[in-house]
Each structure stands twice: as C-alpha cells, then as structure tokens.
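Work through the exercises below with the model open. Each task is followed by its solution.

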Amino acid sequence: MSVQATYLWFDGELRPWDDGRIHLLTHTLHYGLGVFEGTRAYVQDDGSTAVFRLDDHLARLRRSAKILQIDIPFTQQQLHDATVEVIAANELTSCYLRHIAFIGEGAMGLHPQNNPIRTAILAWPWGAYLGEDGLKKGIRCKISSFVRHFPNSSMSQAKATGNYINSIMAKREVVALGYDEAILLDTDGFVAEGSGENIFIVRDGVIKTPPLASILDGITRNTVLQIARRRGLTVEQTRITRDELYIADEAFFTGTAAEITPIREVDDRVIGEGRPGPVTQQIQSDYFDLVEGRQVYDPDWLATVDFTGATI
Ligand SMILES: Cc1ncc(COP(=O)(O)O)c(C=O)c1O
C-alpha cells in the first residue's frame, strides 16, 4: 500500500508532497550509502501528540552518518524542529516518520567527494507494522537462510540504506513460504534479529536478548531493557542459540515500527503456549503506556507537537 501525506521537509524547507523528487543520478540510489531513521508519534492520553524518543533517533542518525562519513548539513536541533513542523503541517495526530540523509547527484563512481548531502523528513499515518492481530496474538516466524551482516563488513551499528538488502531478501524468503517475519542468524550461527526488529526471549523468568554486535542498537530494545529493569526482571544481553529460541517460554520482537510484537511460532515450533506470555504482555503494556504518556520515565522522551502555530 502506498503511503502519502500533504507536505514533506526537504533540504531545509517544507514542500508539497509531490516535490519530494530526486535525479536518477542520485548517488545513493546506485550504491546504497545513505542513513535513515524510523520514528513514531503517538496521540497522548491527554489528547496532545508527541514523538517518542525523537532526540535519541536523531542522535542515532548522526552516529550512523559518522560511521559512513556522511556530513549532514543540519544540526540535531534543526532536524528536531523540522520534524515537529512536518507533523504539524500535515495535521497528523499520530504517524510514522522517516528521516533520511543521502548522497545526491554529481560525480558517479565509488569515491563521491563533492556531491551534495540531501536530507529529508517524511511523515504519514501507519498502523501496526506486523498487523493488529500480530500485536495481540503473536506472529509466525521462520529463520531465514540469509545470514545477518558480518559487523566488520556492513557496519551494523549504522542504520544504513544499503544494509536493508539483507533484510528484504530474508523477509521475502519467509513471506513466500507463508510466515509473517524472518529471524536472521549471525555469521557464527547465533540468533541476531528480525528483518527490521530486535528480538528477545524469556525462559524461566530470565529475559535474554543478543548483544550489540551484528545487530542494530534498537531504541525500542533500549526502552525494553529499561522497562525490564524497573520491573525488577533479570535481563541478559547474551548470545542465543537457535534451539534455545525453540524452547523459550516466550519470545517477542521490538522495533519502532513493530512496537512489541509477540512471536508465537518459530520454524513450525510453538513458542510456550502459542500466545503472548505474561512477561511479553507486561512489557507490551508498559511500552504503550510510555509512548502514549501514561507512564513517564524521562520527560525528554516525549517531544510534543504544537499544532497551533502550523503555517505553510
Ligand atoms: C534491522 C533492525 N533491527 C532493529 C530495529 C529496531 O530498532 P528501533 O527500535 O530503534 O526501531 C530496526 C528498526 O529500525 C531494524 O531495522
């Protein structure tokens, strides 16, 4: 399904949606070196709208850019203000946001030096990434034959556009076989992450998630680690084997798009009771309380959108 809104922000200004066009010689289109973020804004309990952990997403965008030597020509504060402006201009009370910085047209070949760095922010309404039913009842997953990037080849800590070739191939492979989402193993054969999510398991009351090596340093993963600590749950960031995943009591994905999505089946093995377990349910409920402002761990996690002054 195609997505759409009325305005977008491109290279420093709000523009009509249809003006978000680029030249065919855009360098990133050919070679895949660009960085991006996926963020969400939620309607709060008091009726206002706030972007969840916007500054953390923008900080990760900057880290990704540093890794890939992309010099984004806007400050974090400028991107923060522009994000709020895009949401207000589109009058979106809740939405998904895409920040992207990429290498524009100019020189071709593998050593672009003076091509402009182009920066855009888009917002559009987007429901549950893995389906409302998936959020409630859990999803069916399969381990993909495509292995996660080796950290020293593709820079897993960078949310890089080109890294997603690997994710798309994994996702296509398992969806064609009738599953909802792919799980990728790392180059040593340990569980890494989903095509666009981090993964957690629960066994005998202990929560486990893979360490930061070949996986993205997910902001939702970090939120879940903080939820778990506040709930007094034991969390280990440790390698997880494929068979350990099969015999977990519970498993779930975390991600800005996927939020907290329970996993009810992996490779045709039912996980636990085949429905979201108590730890997953608690974490999911705390997560929605945080993004919708019913619980506040850190007021800086909620960037409020002011719709009153929105002018185009
Ligand atoms: C490969 C991958 N892993 C994990 C995540 C989850 O990250 P976050 O929670 O910051 O959205 C994402 C989504 O951005 C992703 O694409």
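**Exercise 1. Locate the two domains and state how far apart their C-alpha centres lie.**

Solution. Start with the separation: the C-alpha centres of domain 1 and domain 2 are 26 Å apart. Next, assign the bounds. Domain 1 covers 7–126, and domain 2 covers 132–291. Keep in mind that this model is predicted. Then list the residues in contact: 23 come from domain 1 and 22 from domain 2.

**Exercise 2. Find the area buried between domain 1 and domain 2, and name three residues of domain 1 that supply 32% of its share.**

Solution. Take the total first. About 1800 Å² is buried between the two domains. Carbon and sulfur atoms give 61% of that area. Now turn to domain 1. Phe-36, Phe-52 and Arg-60 supply 32% of what domain 1 buries against domain 2. No other three residues supply more.

**Exercise 3. Count the salt bridges and the polar contacts between the domains.**

Solution. There is one salt bridge between domain 1 and domain 2. Check a pair: Glu-259 and Arg-40 form a salt bridge, with their closest N and O atoms 3.8 Å apart. The cut-off is 4 Å, so this pair qualifies. Polar contacts add up to twelve residue pairs, both residues at pLDDT 80 or more.

**Exercise 4. Which element gives the most residues to the side of domain 1 that touches domain 2?**

Solution. List the elements that supply at least two residues each: β3 (34–43), α2 (54–67) and β5 (95–103). β3 gives the most, with eight residues. Finally, sort the residues of this side: nine are nonpolar, eight polar and six charged.

Terms used
Residues are numbered from 1 along each chain as its sequence is written. This is a predicted model: local features need pLDDT of at least 70, side-chain atom pairs count only at pLDDT 80 or more; totals for chains, interfaces and linings use all residues. Side-chain values use heavy atoms; hydrogens and water are left out. Domain bounds come from an automatic or database domain assignment. Buried area is the accessible area (1.4 Å probe) that two parts lose on being put together, summed over both. A salt bridge is a side-chain nitrogen of Lys or Arg within 4 Å of a carboxyl oxygen of Asp or Glu. A polar contact is a pair of N or O atoms within 3.5 Å; within protein, one must be able to donate a hydrogen and the other to accept it, and residues adjacent in sequence count only if both atoms are side-chain atoms. Helices (H or I, at least four residues) and strands (E, at least two) are DSSP runs, numbered from the N terminus. Ala, Val, Leu, Ile, Met, Phe, Trp, Tyr, Cys and Pro count as nonpolar, Asp, Glu, Lys and Arg as charged, and the others, Gly among them, as polar.
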